[in-house]
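Here are my notes on the model, set out point by point. Please keep the structure open while you read, so that you can check each place as it comes up.

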Amino acid sequence: MVSNEDGRLVLRDPITTEAGGGGKTSFAEISAGAQKDNCVRAVTQAVDANLVGIVPEDLTDFVFDVKTVISTTLLGLIQAGAIGAYRDDLGRTRDISVERDIQVFQSPTDPTRFDFRFFFMIRYPAKRLFGEYSTDNPFFSLSETSATA
């Protein structure tokens, strides 16, 4: 489904959390495929616009420049809500690491070719929530409930 939101065309999966379907827009989630396509396109455009044609004086500096362009683009996408924030193994938000999250290599056979790899996080909605209850006797203590409001 495509909708116009504040002058932007937004692609959403035609999936709802409503048991019977219904296609209500308020329950639609941003498509993971659309996030991937938009992210790859943004990074490719940024790399092409800022780096193609540069004659590197220092290979180490140029590799860092490539990583900087990619990380800046990814950070902009995160801030715009187009992709998810980076997270550590415990699920806590963390900064992008140009050392771990982005790799850049000059081709051993073609000195004009630079290959890069990066990863990013997809934004996922909460779709399924399950709970437990008891009557007459609480089966949990208040210290066990960390996500109460």
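1. Let me begin where α2 ends. This helix is followed by G81, and the phi of G81 is positive, near 80 degrees. A similar note applies to α1: just after that helix, G53 takes a positive phi of about 100 degrees. Please bear in mind throughout that this is a predicted model.

2. D6 also deserves a look for its backbone. Most residues other than glycine have a negative phi. D6 is not a glycine, yet its phi is positive, near 55 degrees. You will find D6 in the loop between β1 (2-5) and β2 (8-13). Is D6 buried or exposed? With a relative accessibility of 81%, D6 counts as exposed.

3. For orientation, here is the overall layout. The protein chain has two helices and five strands, and from the N terminus on they run β-β-β-α-α-β-β. Of its 149 residues, 26% count as buried. The accessible surface comes to about 11100 Å², and carbon and sulfur atoms hold 53% of that. Among contacts with a separation of 6 or more, 44% are between residues 24 or more positions apart.

4. Both helices pass a simple length check. Helix α1 covers residues 32-51, and at 1.5 Å a residue its 20 residues should span 28 Å; the end C-alpha atoms are 28 Å apart, so the model agrees. For α2, 21 residues should span 30 Å, and because its end C-alpha atoms are 30 Å apart, that agrees too. At the start of α2, a side-chain oxygen of D58 comes to within 3.0 Å of the backbone nitrogen of T60.

5. Which residues of α1 are buried? They are A34, Q35, C39, A42, V43, A46, V47 and L51. It helps to recall that an α-helix has 3.6 residues a turn, so residues three or four places apart point the same way. You can try that spacing on the α1 list, where A42 and A46 are among the buried residues.

6. The buried residues of α2 are F62, V63, V66, K67, V69, I70, S71, T73, L74, L77 and I78. K67, S71 and T73 are on that list along with residues such as F62 and L77, so you may like to look at them on screen. What do the buried residues of α2 pack against? Their partners are α1, β4 and β5 (114-118).

7. Now for the largest nonpolar core. Within its 20 residues, C39, I70, L74 and I83 touch the most other members. Two or more residues each come from α1, α2 and β4, and α2 gives the largest share, eight residues. L74 makes a good place to center the view: leaving out residues up to four places away in sequence, L74 touches C39, V43, I83, Y86, I96, F118, F119 and F120.

8. How many salt bridges does a search of the whole structure find? The search finds four. One of them joins K36 and D37, with the closest N and O atoms 2.6 Å apart. K36 is partly exposed, with a relative accessible area of 41%, and D37 is partly exposed as well, at 37%. Another salt bridge links the side chains of D115 and R113 at 2.8 Å, N to O. Here D115 is partly exposed at 30% relative accessibility, and R113 is partly exposed at 45%.

9. The salt bridge between R94 and D101 is worth a separate point. Their closest N and O atoms are 2.9 Å apart. D101 has a relative accessible area of 5%, so this residue counts as buried. R94 lies in the loop between α2 and β4. Not counting residues up to four places away in sequence, R94 touches Y86, R87, D88, R100, D101 and F119.

10. Finally, please look at T93, found in the loop between α2 (59-79) and β4 (102-106). T93 has a relative accessible area of 56%, so this residue counts as exposed. Leaving aside neighbours within four places in sequence, T93 is in contact with A85, Y86 and R87. With R87 there is also a polar contact of 3.1 Å between the side chains.

How values were computed:
Residues are numbered from 1 along each chain as its sequence is written. This is a predicted model: local features need pLDDT of at least 70, side-chain atom pairs count only at pLDDT 80 or more; totals for chains, interfaces and linings use all residues. Side-chain values use heavy atoms; hydrogens and water are left out. Helices (H or I, at least four residues) and strands (E, at least two) are DSSP runs, numbered from the N terminus. Buried means under 20% relative accessible area, exposed over 50%, partly exposed in between (1.4 Å probe, protein chains only). Contact means heavy atoms within 4.5 Å. A polar contact is a pair of N or O atoms within 3.5 Å; within protein, one must be able to donate a hydrogen and the other to accept it, and residues adjacent in sequence count only if both atoms are side-chain atoms. The expected span of a helix is 1.5 Å times one less than its number of residues. A nonpolar core is a set of buried Ala, Val, Leu, Ile, Met, Phe, Trp, Tyr and Cys residues joined through side-chain atoms within 4.5 Å. Accessible areas come from the Shrake-Rupley method with a 1.4 Å probe; for residues, only the protein chains shown count as cover.
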